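Let's take a short walk through a few helices and see what they sit against. Have a look at the structure first.

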Amino acid sequence: MTPCYCWWEVPYYWLGLKAYDLVAGTQGLTMSRFNGRKESHRQFPTLAQTRSEDGSSLKGTIVYYDGQFDDSRLCVALACTAALAGAAVTNHTEALKLLKDTDGLVIGAEVKDNLSGKKMHVYAKQVINATGPFADSLRQMSDPSKPSIIMPSAGVHVTLPDYYSPEHLGMIVPKTKDGRVVFMLPWLDATIAGTTDSSSEITMRPQPTEKEIQFILDAISEYLTVKVRRSDVMSAWSGIRPLASDPSTQDTASASRDHVASMDTDGMITIAGGKWTTYRRMAEDAVDLACVNGRVPAGQPCQTSHLALLGAHDYDPALFTEVAQNYTVPHRPGAIDTRVAKHLAASYGDRAHDVTRIAEQRKLGRRLVRGHPVLEAEVVYAVHHEYCETPEDFIARRSRLAFLDHRACEEALPRVVELMGEEKGWWYPKRQRELKRAKAFLSTFTSQPEAPGLKNAAPKEGTDLVSSQNKGGGA
């Protein structure tokens, strides 16, 4: 929902979104529409009828439809689908140097397993650099003189209670007084608000500042009747957008969100920029480039347009009812509650039955923490089926607990470590180390103090390649 507080905004946004409908064609979700002041208030009761910034009264809203997803679950589904198709998948693995043949072409990499410390050489017919904001690091690992093609942009989001927005509607302001976009959306039984757009250092653990958090709260408060309080922030995170840009450009807001696929003289292909909504096109372009080069045989036409991911084959919007009816809660009489059933169906698709089977057989049907539908059985499932190696993997990259509720996640961490320790055979000292590191990681979901010259130094550790440490959910 885009609120219009000036009459000229109504035709301006309405025509723009109708053009959006036209481009979408039959693939659009639902046509955009105009709602008058009264209908807008009925659908979005907390929307301000008068904008506090200048006293302008609400003229109406333009409503349009867009998709929403849990990017941690999609990312791990992609990795598991690749493994099912025969790919060798690994995470927590760091590239130390590139391997070249006598002609200077990249043929592999020396990598290090950051969990065991083991180093190894990995060879491939074609090396593709798809490392997001770290793309330049790998390109310059081959040739330090290569110019940068990535302009990192920091985006901050905050999580607020669900009552900040209706269950079915969000709000987006295309242009604030300083020219930035601000939105507030219902997400996973909470509300997320964002975002900032500023230049950033490339770090493994980006963290929001208090100034950025306050900017978001101040921006949305002008459009809400709800009293926006700093104490309502349940979690806050910063992510790095890997914008593809001209090295001489300094303005991140004008950098391209489109992706760039290119091959360097060393034969390595780099796919950079882009966003989640075009990830299949990005993959297709990168593989097509490898085929054109001749290092990878072309074979059959690209299959991505109809390739279903793991968990999608028997999925149906009504799957949650089947999950609820067929699962018996081990620790109490009666069926599973609807919220948990919907969470499992949305998170795992047809694999939800595997999670409930673990819950039944091992009596792990309790929630990890009060107020959230994540079950203990999900930790065990993630360890055995989703490459979950550390507590951080689970709280941020297999579930979204860290992003949704910092305090609840902190409360759940000891049980997460205990469950993982039982599955992996961790002794007490190892469990304590894992818990300590996970708490340090969780601390990045709060604001950092402002100080002149403060830099987010990246710790020396590898990236979880199944779901990047880069916490930017904004696609």
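## Helix α4 and its neighbours

Which strands do the buried residues of α4 pack against? Keep in mind that this is a predicted model. Now find α4, the helix that covers residues 135–142. Its buried residues are A135, D136, L138, R139 and S142. They sit on the same side of α4, because they span an arc of only 160° around the axis. A bit of helix geometry helps here: an α-helix has 3.6 residues a turn, so residues three or four places apart point the same way.

And the strands? The partners of those buried residues are β4 (93–100), β5 (106–113), β7 (128–129), β8 (150–160) and β15 (269–273).

## S72 in helix α3

Next up is α3, which takes in residues 71–84, S72 being one of them. Is S72 buried or exposed? S72 counts as buried because its relative accessibility is 0%, and the cut-off for buried is under 20%. The side chain of S72 also has a polar contact with the side chain of D70, at 2.8 Å.

## Where α3 meets α11

S72 turns up again where α3 packs against another helix, α11 (residues 391–398). The two axes are 8 Å apart, at an angle of about 110°, which means that α3 is roughly perpendicular to α11.

On the α3 side, the contact is made by S72, R73 and V76, and on the α11 side by A396, R397 and R398. By type, these residues split into 3 charged, 2 nonpolar and 1 polar.

Conventions:
Residues numbered from 1 in each chain as written. Predicted model: local features only at pLDDT ≥ 70, side-chain atom pairs only at ≥ 80, totals over all residues. Heavy atoms only, no water. Buried < 20%, exposed > 50% of the residue type's maximum accessible area, 1.4 Å probe, protein only. Helix = DSSP H or I, 4+ residues; strand = E, 2+ residues; numbered from the N terminus. Arc of directions from axis to C-beta. Contact = heavy atoms within 4.5 Å. Polar contact = N/O pair within 3.5 Å; in protein donor to acceptor, adjacent residues only side chain to side chain. Axes fitted to C-alpha atoms, helices over the stretch in contact; angles between N-to-C directions. Parallel < 35°, antiparallel > 145°, perpendicular 65-115°, else oblique. Nonpolar A, V, L, I, M, F, W, Y, C, P; charged D, E, K, R; others polar.
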